[in-house]
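Colleague: Could you take a close look at the charged contacts in this model, and at the enclosed space beside the elements that carry them? I should like one connected account that keeps the accessibility of each partner in view.

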Amino acid sequence: MTRIQRFRVGYAGGPNCGVGHPAPPLSWLIETDEPGWRQTAYEMELDGTSQGRVASEQSVLVPWPTAPLSSREAHEIRVRVWGQSGERSDWSDPILVEAGLLRPGDWGAEWISPAQRDDEDASGPAHHFRREFEIDRPIVGARLYVTSAGINQIWLNGSIVGDALLDPGWTSYAKRIRYATYDVSDALVVGTNALGAMVADGWWRGFLTWDMRRNVYGDRLGLLAQLEVRYEDGTMQTVMTDGSWSTTTGPVLAADLYNGETYDARLDLGAWATAGYDETAGYDDSCWTAAETFAPAVGRLEARSGPPVRRVDYVDVVEVLRSPSGKVLLDFGQNLVGWVRFTVEGPAGTVVTLRHAEVLDEGELGVRPLRNAEATDRYILKGEGPETWEPSFTFHGYRFVEVEGWPGDLTPGDFRSVVISSDLEETGTFECSNDLINRLHSNVYWGMRGNFVDVPTDCPQRDERLGWTGDLQVFASTATDLFDVCGMLSEWLGDLALDQRDDGMVPLVVPDVLFWLPTAGWGDAATLIPWTLYQRYDDLGVLSRQFDSMRAWVDSVDAIAGPSRLWTTGRQLGDWLDPDAPPEDPGGAKVDGDLVASAYFARSARVVADAAGVLGIPEHQEQYGTLADEVREAWRKRYLDDGVKLTSDAVTAYAVAIEFGLLEADEIPAAVAHIARLAKAARYRVSTGFLGTPLVLPALSKGGDYETAYRLLTETSCPSWLYPITMGATTIWERWDSLLPDGSINPGEMTSFNHYALGAVGDWLHQVIGGLAPGAPGYRRLLVAPVPGGDITWAKSSLVTPYGLARCSWTLDDGEFVLDVLVPPNTEAEIHLPGEPDETRIVGSGAHRWQSAIPTGKATGEDR
Ligand code: BGC
């Protein structure tokens, strides 16, 4: 039986209703019990009409089958496929695809803003917007298209619309801003309806960066909404934002992403988003006035490609603590990102204050690492019985919460942490027999969840939370092992390209709110992340959309380097946070920053050449191929002493040389041996920073030195991957020693306990211990080459690849190695058993098992 699973349009998590692309690609997974299954053809049907049978093996991001969609155009679409035996699958479940508003001219709504001006220097209140309208006969459907300058919560007839949080998220607003499309057909009534919105500062005008800049995009909040109601007779009624709307402020007195939210429940506006609400009969502070139309500085309106932020999990209090100074502290047991929901009962006007932090400092809330971020929520009770509250327009990175002003006795069950994240599809799992490594993996997972909040950020807690390019550059591969990030990251890359300077320079953070600084490893996000997405998702679209941006970055480095082909000028962040760099000089790494910079130059030039090859642009393939060769040559002349000694005697230097193809094959063993010597001399403590760390274990593996790789991985003294675990870490830290061995917080200015960058080791865990790696773009060929090491006796990993579920599990018992592999349909796998690196087995889809003796024994390969 062959069945089609998860037929979908566009990227995982993106909308079906309100699709932003006129010709969205389609993907499906196949489930079959036929081993070695290959697709030979597919057929799509649009509203019952066949689009013809297409001879093709493609099932991932397949081209749209018919004429491009126009705005609002909707179709029901389904697919069926043929395998090589001629057997045909049933039709997939149909999906409804509906285009959003694709042209600027589709928008008749005007941006509106409250007439009231807020204090420009302080966190603003959330503003409410409302308007009523009539529907006089039954409808066939209704869509609400909406966005805001500031973050929003949309209301219709008394209920919140949808479950997205912090919408419209963060993009380079001046160049593009997202709108959401909601199917609100069922929420409307014949009669009077009320549409409302709350809008708060968010990224639009809230505090951003450690300079605590406000109003980065504009100083007025705004709303743009267009409700389109369709009647049976084909006519359409629209309700749009314009000067007829009313606005006021209400219970949210102040809301800011860094500082937190203050909510006075006594100012609750009641049924403000319900028809018949009396705008004149509010409380003292509630005075509805007419909205003003205005023109915020926003770019084009676009639909999302990936998922919005949602509530993704809940975590209960593990323990209530009393600090030495007598403060009440809640410990949630897990460093997480989100906020606290609580139920409280007490007299009106009681102020409950929640302060958040990741760690304790001598038993008190450790807020110093938050720098300027206040991370404080305040709730002022209404006093009319139990009241349940959670903030809507902020988020915090924390494990501990200090509670002040709680009326009566506090019980742990009164509180719950709401975990928020971009609602990405979880695709990967990993587990092995070593609990410390499992905790390391879990920390990578939590670090990713907490830092993928619409934008991939460095950290989620302090006055930063920015889309640092270098951090994602090193982490992107690992991210793909855990979640389907293709939609989210390809959108972010779109912003990177939009924020790129005319000369190709890439900003340090995207969306750009800092400044440009030509920086190796950070700017290379422009080239290396699209390449990673192509490798992991077989997405040619992202490569072709980013190709000009990729080239522009390499050209900008080329212009700096000039004929020398070496990048030796300017300041580099280099191997950022090398453990031997002093706390106050995080860029002061052991490795020569210029050596690393030119290594990245060579790597990026090569990637552009390869991308040109894939995209079929021979002139660029040749141009950048030649450039890559020349940079490599220049690099070797400048940094390679006789034999394979590098001018910089640091692990990172050797790791980039090996991983970026700067050495000849016969030079690699000596380079690997040198890393091993350095590692041994450092007693297997980690000696690398942001750029070197992700490359060390892969470099050692390339030379076959798994022994050293495992010794480094399993070391627990400081600094090492497992040291934070021994100190109770539940996320990946920014510094190897964010918490010092004596339990005190690292005195450095930047000390986050939730930074994914050093979690880039996750990719090695999945590939080498877990055994699953891409052997061809999109895992069309799966590379299964697990290598046991350390004390690990079993491991299992899985990944929902673009073609379906892949699984690898192995056990090592008394020298016998047993490997079980599940290969997705329409793909093949290349299997390497440990101890037999040169023997390659190619198998088709289905379940397979091998047994072999380790290390030298012969496998008894047998398909199952
Ligand atoms: C951020 C980093 C970033 C670095 C570069 C830090 O403040 O948190 O993760 O990559 O600055 O300068």
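**Salt bridges and the space beside them**

Modeller: Glu31 has a relative accessibility of 35% and is therefore classed as partly exposed, because that value falls between the 20% limit for buried and the 50% limit for exposed. All that follows concerns a predicted model. The partner of Glu31 is Arg3: their side chains form a salt bridge with an N to O distance of 2.5 Å. This contact joins distant parts of the chain, since Arg3 belongs to strand E1 (residues 2-9) and Glu31 to strand E3 (residues 26-32), 28 residues apart. Arg3, at 36% relative accessibility, is likewise partly exposed.

A second pair has another setting. Arg178 and Glu491 meet through their side chains at 2.8 Å, N to O, in a salt bridge. Here too distant parts of the chain are linked: Arg178 is in strand E13 (residues 176-178) and Glu491 in helix H4 (residues 486-499), with their positions 313 residues apart in the numbering. Arg178 has a relative accessibility of 4%, and because buried means under 20%, Arg178 counts as buried. The value for Glu491 is 7%, so Glu491 is buried by the same limit.

Arg178 and Glu491 also belong to a salt-bridge network, whose other members are Asp167, Arg176, Arg300, Glu302, Arg304, Asp454 and Asp495. A further salt bridge joins the side chains of Glu836 and Arg841 at 3.4 Å, N to O. Both Glu836 and Arg841 are buried. The count of salt bridges for the structure comes to 61.

The enclosed space can now be related to these elements. The structure contains eight cavities of 30 Å³ or more, and the largest of them holds about 240 Å³. Its lining is made up of 19 residues, with Arg8, Ser27, Asp484, Tyr537 and Pro802 lying nearest the centre. E1, E3, H4 and strand E41 (794-801) are the elements that supply two or more residues each to this lining. E1 and E3 are the strands that hold Arg3 and Glu31, while H4 is the helix that holds Glu491. E3 contributes the most to the lining of the largest cavity, namely three residues. By class, the lining of the largest cavity comprises 10 nonpolar, five polar and four charged residues.

The second largest cavity may be set beside this one. Its volume is about 80 Å³. Residues that line the second largest cavity include Trp721, Trp733, Trp736 and Arg735. Helix H2 (435-451) and helix H13 (723-726) each provide at least two of its lining residues. The lining of the second largest cavity divides into eight nonpolar, two polar and one charged residue.

One further strand completes the account of accessibility. In strand E4 (residues 39-46), seven of the eight residues are buried. E4 pairs antiparallel with strand E6 (residues 74-83) over seven bridges, and Met44 faces Val79 in that pairing. E4 is also joined antiparallel to strand E5 (residues 49-55) by five bridges, with Tyr42 opposite Val54. E4 and E5 form a hairpin with two residues between them, and Asp47 in the turn has a positive phi of about 50°.

Definitions and conventions. Residues are numbered from 1 along each chain as its sequence is written. This is a predicted model: local features need pLDDT of at least 70, side-chain atom pairs count only at pLDDT 80 or more; totals for chains, interfaces and linings use all residues. Side-chain values use heavy atoms; hydrogens and water are left out. A salt bridge is a side-chain nitrogen of Lys or Arg within 4 Å of a carboxyl oxygen of Asp or Glu. Helices (H or I, at least four residues) and strands (E, at least two) are DSSP runs, numbered from the N terminus. Buried means under 20% relative accessible area, exposed over 50%, partly exposed in between (1.4 Å probe, protein chains only). Two strands pair if DSSP finds at least two bridges between them. On a 1 Å grid over the protein atoms alone, a cavity is a set of points where a 1.4 Å probe fits but cannot get out, and a pocket is an open set with protein on both sides within 12 Å along at least five of seven lines; lining residues have an atom within 4 Å of a point. Grid points are joined across faces, edges and corners, and a volume is the space filled by probe spheres set on the points. Ala, Val, Leu, Ile, Met, Phe, Trp, Tyr, Cys and Pro count as nonpolar, Asp, Glu, Lys and Arg as charged, and the others, Gly among them, as polar.
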